[in-house]
Amino acid sequence: MPADAAAEAFDFEAAFRTHYRRIARVIVRVIHDPSRAEELAIEVFWKLWRHPSAHGPQCGGWLYRSAVRAGVDELRKRARREKYERWFGVAPPPADPEQSRETSEARSRIRTVLASLRSQDAQLIALRAEGLSYEELAEALTLKPTSVGTMLRRAQDAFRKEWVKRYGDA
Amino acid sequence: MATHEHLDEWVDRRMAASEPPAEWPDPGIGLKRLDRRLAARRPRVLLWAAATAVVVVAAFALPASRAAAQRLWNQVVLDRLQVLVTDYDKYGEAAGLFSPEFHEADFHAVASFEEAVRETGFSPRLPGPDLVSTAPKYSTITIAPPRLRLHTPAIRSALAKAGGSATDVPSRGTT
């Protein structure tokens, strides 16, 4: 089917039902804020709706790319805000009481480390954690399939180094 | 490879804390939220279109803004009209070999079209009064003898036609 015809025949609702859960999960893995993750996921689909050129059977890659970028951008925005709040002595918001202290701390560490990585490394780590295969990673981040393994290893290595530097090997 | 697997596992163990609940989120709820988002967008587009229409109508309807728009239009469309008369007959058959270039000179303001005609000695054909919204001002200009720009390709061609060249000019020839 030609690209234009495929885009015309695009079933937006079916694409939403197929990808929404995974898209929201990718984002929440990065920002650890479920309600904001749902908002961002909706935003990603709204953008897809406004970009007919992304409609078609390959929309999954576009969605993952947009989702993980939205997540990493949000994370960085929050990291900046927290930094300024610390400078001005504003207390950070209280931790979610439903989460155990341990889980909350682990998530906070993940957020901090991901925010300090290069954007593409953070995207690779988040998407891989959601179980995307090498092929899916290549499609989502428009990478060469043959270089995904190497780039993922570099990203993981950077993640570990940053983690160890901040929190030790715990 | 063992190192890579170790690294993979190490990262997976850390990232495991970010695992959301298995059934989260509900696509049905998400779809409703998206529908609300899309529905909320449409009136905003209509609102912008309506606001733009109101501004455009106001610009044409109100005398002050209409005058401002007219001034802007005049600036863009018609700034100044200059009429120059050049007597090419004076240059005979050689007119094609060069073109005159006029120097900028000071304009001399005159009170009316008739005065301009008297001063210059000819009556130019001007555009109709509808084209210029404000009362036109007239001025005349005396052009100093023009500088001549020689058209070397035309001269070479004329020389070649006469059987000469750029270095060998025939004693008589036609252009």
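## Two helices that cross

Let us start with a pair of helices in chain A. Helix α3 (residues 34-50) and helix α4 (residues 59-87) of chain A pack with their axes 10 Å apart, at an angle of about 135°. That angle makes α3(A) oblique to α4(A), because angles between 115 and 145 degrees fall outside the roughly perpendicular and roughly antiparallel ranges. The crossing of α3(A) past α4(A) is right-handed. As with everything in this report, the picture comes from a predicted model.

Which residues make the contact between α3(A) and α4(A)? From α3(A) come A:Arg36, A:Leu40, A:Val44, A:Phe45, A:Lys47 and A:Leu48. Facing them from α4(A) are A:Cys59, A:Trp62, A:Leu63, A:Ser66, A:Ala67, A:Ala70, A:Glu74 and A:Arg78. A general point helps in reading such lists: an α-helix has 3.6 residues a turn, so residues three or four places apart point the same way.

## The two chains in outline

Chain A has eight helices and zero strands, and its pattern along the sequence reads α-α-α-α-α-α-α-α. Of its 170 residues, 44% are buried. The accessible surface of chain A is about 9200 Å², and carbon and sulfur atoms account for 50% of that surface. If you take the contacts in chain A between residues at least 6 apart in sequence, 68% of them join residues at least 24 apart.

Chain B has five helices and four strands. Starting from its N terminus, the elements run α-α-α-β-β-α-β-β-α. Here 17% of the 175 residues are buried, and the accessible surface comes to about 13500 Å², with 59% belonging to carbon and sulfur atoms. For contacts in chain B between residues at least 6 apart in sequence, 66% join residues at least 24 apart.

## The nonpolar core

The largest nonpolar core has 61 residues, and the members that touch the most others are A:Phe45, A:Leu48, A:Leu114, A:Leu127 and A:Phe159. Helix α2(A) supplies the largest share of this core, with 11 residues.

A:Leu48 is a good residue to look at on screen, as it has already appeared in the contact between α3(A) and α4(A). What does A:Leu48 touch, leaving aside neighbours within four places in sequence? The list is A:Phe10, A:Phe12, A:Ala54, A:His55, A:Cys59, A:Trp62 and A:Leu63.

## Helix α6 and its surroundings

Helix α6 (residues 119-129) of chain A is mostly covered, with eight of its 11 residues buried. These are A:Asp121, A:Ala122, A:Gln123, A:Leu124, A:Ile125, A:Ala126, A:Leu127 and A:Ala129. Just after this helix, A:Gly131 takes a positive phi of about 90°.

Helix α6(A) also packs against helix α8 (residues 148-167) of chain A: their axes come within 9 Å and cross at roughly 100°. The two helices are therefore roughly perpendicular. On the α6(A) side the meeting residues are A:Gln120, A:Asp121, A:Leu124, A:Ile125 and A:Arg128. On the α8(A) side they are A:Met151, A:Leu152, A:Ala155, A:Gln156, A:Ala158 and A:Phe159.

A:Arg128 lies in α6 of chain A. Is A:Arg128 buried or partly exposed? Its relative accessibility is 26%, so A:Arg128 counts as partly exposed. The C-alpha atoms of A:Arg128 and A:Leu152 are 8.5 Å apart, although 24 residues separate the two along the chain. Beyond its neighbours within four places in sequence, A:Arg128 is in contact with A:Ser133, A:Tyr134, A:Leu137, A:Leu152 and B:Asp8.

## Where chain A touches chain B

Two further residues of chain A show contacts with chain B. A:Arg25 sits in helix α2 (residues 12-31) of chain A. Because its relative accessibility is 7%, A:Arg25 counts as buried. Apart from residues up to four places away in sequence, A:Arg25 touches A:Glu130 in chain A, along with B:Glu19, B:Pro20, B:Pro21, B:Ala22, B:Trp24 and B:Pro25.

A:Glu38 belongs to helix α3 of chain A. With 13% relative accessibility, A:Glu38 is also counted as buried, because the cut-off is under 20%. Outside the residues up to four places away in sequence, A:Glu38 touches A:Tyr20, B:Trp24, B:Pro25 and B:Arg33. B:Trp24 and B:Pro25 thus appear among the contacts of A:Arg25 and among those of A:Glu38.

Terms used: Residues numbered from 1 in each chain as written. Chains lettered and ligands numbered in written order. Predicted model: local features only at pLDDT ≥ 70, side-chain atom pairs only at ≥ 80, totals over all residues. Heavy atoms only, no water. Buried < 20%, exposed > 50% of the residue type's maximum accessible area, 1.4 Å probe, protein only. Contact = heavy atoms within 4.5 Å. Areas by Shrake-Rupley, 256 points an atom, 1.4 Å probe, with all protein chains shown as cover. Core = buried A, V, L, I, M, F, W, Y, C linked by side-chain atoms within 4.5 Å. Axes fitted to C-alpha atoms, helices over the stretch in contact; angles between N-to-C directions. Parallel < 35°, antiparallel > 145°, perpendicular 65-115°, else oblique. Left-handed = near helix turned anticlockwise from the far one by under 90°.
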